[in-house]
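Biologist: Before the labels are accepted, I would like to go through them one at a time. Please show the structure, and then we can take up the reasons.

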Amino acid sequence: VFTSIFTVELALHLFAFWFWQFFTDGWLVFDFLVVIVSVLSLILKNLPGVSVLRLLRTFRVLRLFNKLSSLRTLINAVAASMIAVMNAFVMVALVSVVYAILGVELFSDRQPKLFGNFGNSYWTMFQISTFDGWVDKAESLSSSTDNVDPVVMIFMCTFIGAVCWVLLPVVVAVLLDNFIRAVNDEKDKLSLEKEMLRMKGLKVSKVDQSNPLDPLLETLGRFRDSDDLSRRVRNLFQALDCDVGGTVDFQEMQEGLRKMEHLQPNIYISPEDFLRLTRGGSLCDNSGSGGGHVAPEAFELILRSELEGFVYSRVAQAHADSVTKGSRDMAAVLLALKMLLLRTEQAGATA
């Protein structure tokens with residue numbers, strides 16, 4: 001019954017996402033393989049090795065990872081961090097190989113079972129790295145029961161210090177760092193997909209929206225003079241600076257603007273939008289940790305530049321309307337005049 005349901009579901013996926021969109025999605029390919037194995041195990045009952053195929057059907061449980069977004073995010077994050085973790089594990093393995101060779105050279109005569117050959121020696125070093133009976137192994141290597149053999153002491157202490165206290169925590173740190181980064185990437189991807197679906201439901205596309213900041217710029221355009229505009233920009237910056245760190249990064253700007261529900265349509269900025277606003281990152285303050293932080297002065301420069309572009313687009317639209325409809329957008333004209341006065345005021349201040 002389950003195989004039939006999965007087969008129908010796979011057929012629908014093939015029909016909806018054929019061809020490249022289907023076979024470039026790892027989860028869909030996994031569903032495809034699981035269903036194929038399940039069908040073959042039912043059809044080829046007398047085929048040698050069919051029991052192995054039936055055993056592979058147990059992987060159908062893993063299909064839950066594709067259905068639950070939280071589990072899918074977790075698995076994708078772990079898979080994305082595997083390369084960096086494997087590099088750290090290679091370092092651990094190389095150090096263990098060095099000590100395994102030393103163990104064969106130093107202790108093969110004392111404990112052939114533990115260090116008689118490279119295989120036994122490497123297995124012993126792996127056990128020591130897990131702290132499994134390492135005290136008993138160290139004592140069995142000592143030639144005297146009363147005094148600790150200095151060679152054994154140096155060998156054990158340096159290995160445990162290098163592998164167990166330094167390298168293995170490095171593996172965990174690399175895993176955690178890459179895992180957090182991968183989880184954030186998955187969350188950004190999911191939020192972007194949800195936003196695209198929302199915009200599709202509203203029949204609004206990124207192409208139709210010339211600038212995602214247009215609703216904000218329309219509100220800022222109600223300033224009285226240059227000081228009033230600076231005050232509005234400072235208030236906006238303080239609202240976006242969630243951690244009160246004196247700068248705003250992409251996450252703070254994206255989340256802060258998205259939560260401003262009084263701006264319609266809701267504002268969503270992508271990483272590409274942030275890169276464009278900061279002029280390829282040149283307006284970011286990279287002196288802090290992580291980089292990509294915008295200071296208040298750069299933030300005001302960004303908004304003033306965007307506001308100027310917004311005015312130009314409104315004037316162009318008003319001109320187009322006047323040609324096609326014989327009407328004029330007085331609001332755009334007045335806003336353009338305010339920008340001209342603002343530029344004049346700034347020119348006079350710098351002079």
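**Reasons behind the labels**

Modeller: The largest nonpolar core has 29 residues, and those with the most contacts inside it include Leu213, Leu216, Leu240, Met253, Leu257, Val294 and Phe299. At least two residues of this core come from each of α12 (214-220), α13 (226-240), α14, α15 (271-277) and α16 (296-325). The largest share, six residues, is supplied by α16. The model is a predicted one.

Biologist: Which residues does leucine 216 contact, leaving aside its neighbours within four places in sequence?

Modeller: Leucine 216 is in contact with Leu236, Leu257, Leu263, Ile267 and Leu303. Apart from this core lies another, of 21 residues, among them Leu114, Phe115, Cys164 and Leu167.

Biologist: Which residues of helix α14 are buried?

Modeller: In α14 (residues 250-258), the buried residues are Phe250, Glu252, Met253, Gln254, Gly256 and Leu257.

Biologist: What makes aspartate 249 a cap of the N-terminal end of α14?

Modeller: A side-chain oxygen of aspartate 249 lies 3.4 Å from the backbone nitrogen of glutamine 251. A polar contact is a pair of N or O atoms within 3.5 Å, and the 3.4 Å of this pair falls within that limit.

Biologist: Why is threonine 124 called buried?

Modeller: The relative accessible area of threonine 124 is 1%. Buried means under 20%, so threonine 124 is buried. Threonine 124 lies in helix α9 (residues 118-129).

Biologist: What does the side chain of threonine 124 reach?

Modeller: The side chain reaches the backbone oxygen of leucine 114 at 2.8 Å. Not counting residues up to four places away in sequence, threonine 124 touches Leu114, Phe115 and Lys137.

Biologist: Why is valine 85 called buried?

Modeller: Valine 85 has a relative accessible area of 4%. That value is under 20%, therefore valine 85 counts as buried. Valine 85 lies in helix α7 and touches Val171, Val174 and Leu175, residues up to four places away in sequence not being counted.

Biologist: How far apart are the C-alpha atoms of valine 85 and alanine 173?

Modeller: They are separated by 9.1 Å, although valine 85 and alanine 173 are 88 residues apart along the chain.

Biologist: Why is phenylalanine 89, also in α7, called partly exposed?

Modeller: Phenylalanine 89 has a relative accessible area of 39%. Buried is under 20% and exposed is over 50%, so 39% is in between and phenylalanine 89 is partly exposed.

Biologist: What makes phenylalanine 89 eligible for the nonpolar patch on the surface?

Modeller: Patch residues have over 30% relative accessible area and no salt bridge, and the 39% of phenylalanine 89 is over that cut-off. The patch is formed by Leu74, Val78, Met82, Met86, Phe89 and Leu175, with about 470 Å² of accessible area together. The elements that give two or more residues to the patch are α6 (69-80) and α7 (82-107). Three residues, the largest share, come from α7.

Biologist: How do you know that aspartate 228 and arginine 224 meet in a salt bridge?

Modeller: Their N to O distance is 3.7 Å. The rule requires the side-chain nitrogen to be within 4 Å of the carboxyl oxygen, so the pair counts. Aspartate 228 is buried because 3% is under 20%, whereas arginine 224 is exposed because 66% is over 50%.

Biologist: Which other arginine meets aspartate 228 in a salt bridge?

Modeller: Arginine 232 does, at 3.0 Å from N to O. Both residues lie in helix α13, four residues apart, about one turn of the helix. Arginine 232 has 23% relative accessibility, between 20% and 50%, so it is partly exposed. Arg224, Asp228, Arg231 and Arg232 are linked in a network of salt bridges.

Biologist: What makes arginine 276 and glutamate 306 a salt bridge?

Modeller: The closest N and O atoms are 3.2 Å apart, which is within 4 Å, so the pair meets the rule. The pair links distant parts of the chain, with arginine 276 in helix α15 and glutamate 306 in helix α16, 30 residues apart. Arginine 276 at 40% is partly exposed; glutamate 306 at 11% is under 20% and therefore buried.

Biologist: How many salt bridges does the count come to?

Modeller: By this rule, seven.

Terms used:
Residues are numbered from 1 along each chain as its sequence is written. This is a predicted model: local features need pLDDT of at least 70, side-chain atom pairs count only at pLDDT 80 or more; totals for chains, interfaces and linings use all residues. Side-chain values use heavy atoms; hydrogens and water are left out. Patches are made of residues with over 30% relative accessible area and no salt bridge: like charges are joined within 9 Å, nonpolar side chains (Val, Leu, Ile, Met, Phe, Trp, Tyr) within 5 Å. Accessible areas come from the Shrake-Rupley method with a 1.4 Å probe; for residues, only the protein chains shown count as cover. Buried means under 20% relative accessible area, exposed over 50%, partly exposed in between (1.4 Å probe, protein chains only). A polar contact is a pair of N or O atoms within 3.5 Å; within protein, one must be able to donate a hydrogen and the other to accept it, and residues adjacent in sequence count only if both atoms are side-chain atoms. Contact means heavy atoms within 4.5 Å. A nonpolar core is a set of buried Ala, Val, Leu, Ile, Met, Phe, Trp, Tyr and Cys residues joined through side-chain atoms within 4.5 Å.
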